[in-house]
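Reader: I'm new to reading protein structures. Could you walk me through this one, a bit at a time?

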Amino acid sequence: MSGSEQAALTALWQQRWPECDPVGHRLRGAYPEVWVRFHSLPKSKRYPENDGEYAVVLERYNTVLDELFADEDVYVVRPVWTAEPGVPAHAPGAGYWRTLPTVEDPDPEYATYAHLFVGRRPWRLGCIDGLLRAVADDEVAGVLVTDVRMERIHHPYDGGADVFVRTPAERDRLRNRHAGWLSSHPAGL
């Protein structure tokens, strides 16, 4: 990814989501009015234990992703964490976007950095199943999937997904379509 592409992506993010860096777990606090959380398994079970449960997890992730991004290109953002600010090597098909400090501690011994890598691809049902399965197993964290206009975000995590859309009305329609996947917790967690 060239410097101008990095700058354009950062400008687009800041235009659409100015209150928060591209960090999935922080978006909920910054944009609660357009957020909904879906759990990956019935009864809020966190980790799948067999093929049937993995099928449920992938079906739920993919159903929402397809509703958000069908027939569109998406950016898949994956962070790589290090204790050093230098950019590490990355996987083919993804370009380096930017680095974010993840610990606000002045002691360099505790500093960590999230190096964000981005790949653009056409969304097709099941096209990131390997990554989603790794997320479900807590082998990969911090993934964001967004349309190229960055109007909608899907942040899968082990146990579910946080979804951010354009308006509260769009959030409500999405939430109502998948009411059985919501938490019983009063705050939606």
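Author: Sure! One term before we dig in: a residue counts as buried when its relative accessible area is under 20%. Keep in mind, too, that this is a predicted model.

Reader: Okay, so with that cut-off, how many residues of strand β6 are buried?

Author: Strand β6 covers residues 153-157. On one side sit I153, H155 and Y157, and on the other H154 and P156, and they are all buried. So both faces are covered, because each of these residues is under the 20% cut-off. The count of buried residues is five of five.

Reader: Which strand does β6 join through five bridges?

Author: Let's follow the chain past β6. A hairpin with two residues between its strands comes next, and G159 in the turn has a positive phi of about 120°. The two strands run antiparallel, and Y157 has G160 as its bridge partner. The strand joined by five bridges is β7, residues 160-164.

Reader: And on the other side of the sequence, which residue stands opposite V145?

Author: Here we look at β5, residues 144-147, which pairs with β6 in the antiparallel sense over two bridges. These two form a hairpin with five residues between them, and M150 in the turn has a positive phi of about 60°. Opposite V145, in β6, stands H154.

Reader: Switching to helices: how far apart are the end C-alpha atoms of α3?

Author: Helix α3 has 19 residues, 51-69. At 1.5 Å a residue it should span 27 Å, and the model agrees with that, because its end C-alpha atoms are apart by 26 Å.

Reader: Which residue caps the N-terminal end of α3?

Author: Look for a side-chain oxygen that lies 3.0 Å from the backbone nitrogen of G52. At the other end, just after α3, D71 takes a positive phi of about 60°. The residue that caps the N-terminal end is N50.

Reader: Zooming out, what is the radius of gyration of the chain?

Author: The chain has five helices and seven strands. For 189 residues the globule rule gives 16 Å, and the chain comes close to that, so it is as compact as a globular protein of that length. Its radius of gyration is 16 Å.

Reader: Last one: what share of the chain's residues count as buried?

Author: We've met some of them already, including Y54 and L58 in α3 and H155 in β6. Taken over the 189 residues of the chain, the buried share is 44%.

Note on methods: Residues numbered from 1 in each chain as written. Predicted model: local features only at pLDDT ≥ 70, side-chain atom pairs only at ≥ 80, totals over all residues. Heavy atoms only, no water. Helix = DSSP H or I, 4+ residues; strand = E, 2+ residues; numbered from the N terminus. Expected span 1.5 Å × (residues − 1). Buried < 20%, exposed > 50% of the residue type's maximum accessible area, 1.4 Å probe, protein only. Polar contact = N/O pair within 3.5 Å; in protein donor to acceptor, adjacent residues only side chain to side chain. Rg over C-alpha atoms; globule rule 2.2 N^0.38 Å. Pairing = 2+ DSSP bridges.
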